[in-house]
Amino acid sequence: MTENTTATEPSLEARFTDGVRTAFGVGGLIALVLGLLIIFNPAKSGAVAMQVLAVIMAAYALVVGVVYLGSSIFSRTLGGWARVGHILLGLLYIAGGIIMMMNIGSAAVVLALFLSITIGVLWLFEGIMAFTVASKSDSKVWTIVYGIISVIAGVTLMVSPMLGAVTLWLLLGISMIVMGVVQVIRAFSVKSV
């Protein structure tokens with residue numbers, strides 16, 4: 001009777017394969033749905049995503065502020081100026097967190113602008129760095145092309161950060177759709193053991 005039961009149970013490898021297949025399929029469907037939401041309603045989905053990020057940042061600021069205040073009050077090793085500095089820093093974090101919580105929409109716009117400008121600056125520097133190493137590169141042409149594209153993209157993001165944020169959001173949606181489709185295909189192509 002025992003041998004019969006074990007013969008009908010799937011092997012460990014088969015259960016693992018089924019788990020991998022399920023993970024690929026579910027992950028792919030989630031990415032596909034999120035990508036479609038971004039593509040077909042970029043303004044609303046972007047606003048919601050940035051508001052969620054703003055809430056997370058505000059909560060983080062509040063927690064860090066409380067930690068700074070707590071560490072300054074209960075620390076036995078902090079001296080006078082260090083204690084005052086920790087208290088002031090804690091109060092600033094808490095004030096920033098409260099201001100962000102009270103103005104989630106504005107905080108979301110500021111975060112979108114900040115992220116877009118930051119990415120623009122990073123791309124600009126990446127392009128400049130590509131030009132500096134082009135002479136030592138095995139593929140000089142591709143390095144220079146990469147540098148030109150990176151500089152143009154970086155300057156574009158810095159000059160028009162909101163347009164850049166929307167473009168980056170749409171590119172994220174497109175990539176999520178592609179990755180979702182690939183994951184679903186992978187789920188069906190994993191062979192059973």
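Me: Okay, buried means under 20% relative accessible area, exposed means over 50%, and partly exposed is in between (1.4 Å probe, protein chains only). What share of the 193 residues of the protein chain counts as buried?

Reply: 25% of them. This is a predicted model: local features need pLDDT of at least 70, and side-chain atom pairs count only at pLDDT 80 or more, while totals for chains, interfaces and linings use all residues. Residues are numbered from 1 along each chain as its sequence is written, and side-chain values use heavy atoms, leaving out hydrogens and water.

Me: Cool. How many helices and strands are there?

Reply: Seven helices and zero strands. These are DSSP runs numbered from the N terminus (helices are H or I, at least four residues; strands are E, at least two).

Me: And what's the radius of gyration of the protein chain?

Reply: It is 25 Å, whereas a compact globule of 193 residues would have one near 16 Å. That radius is taken over C-alpha atoms, and the globule rule is 2.2 Å times the number of residues to the power 0.38. The C-alpha trace spans about 75 × 55 × 40 Å along its principal axes.

Me: New topic: where is Val-26?

Reply: Val-26 sits in helix H2, residues 12-40.

Me: Why does Val-26 count as partly exposed?

Reply: Because its relative accessibility is 44%.

Me: Last one: what share of the contacts with a separation of 6 or more joins residues 24 or more positions apart?

Reply: 75% in the protein chain, where contact means heavy atoms within 4.5 Å.
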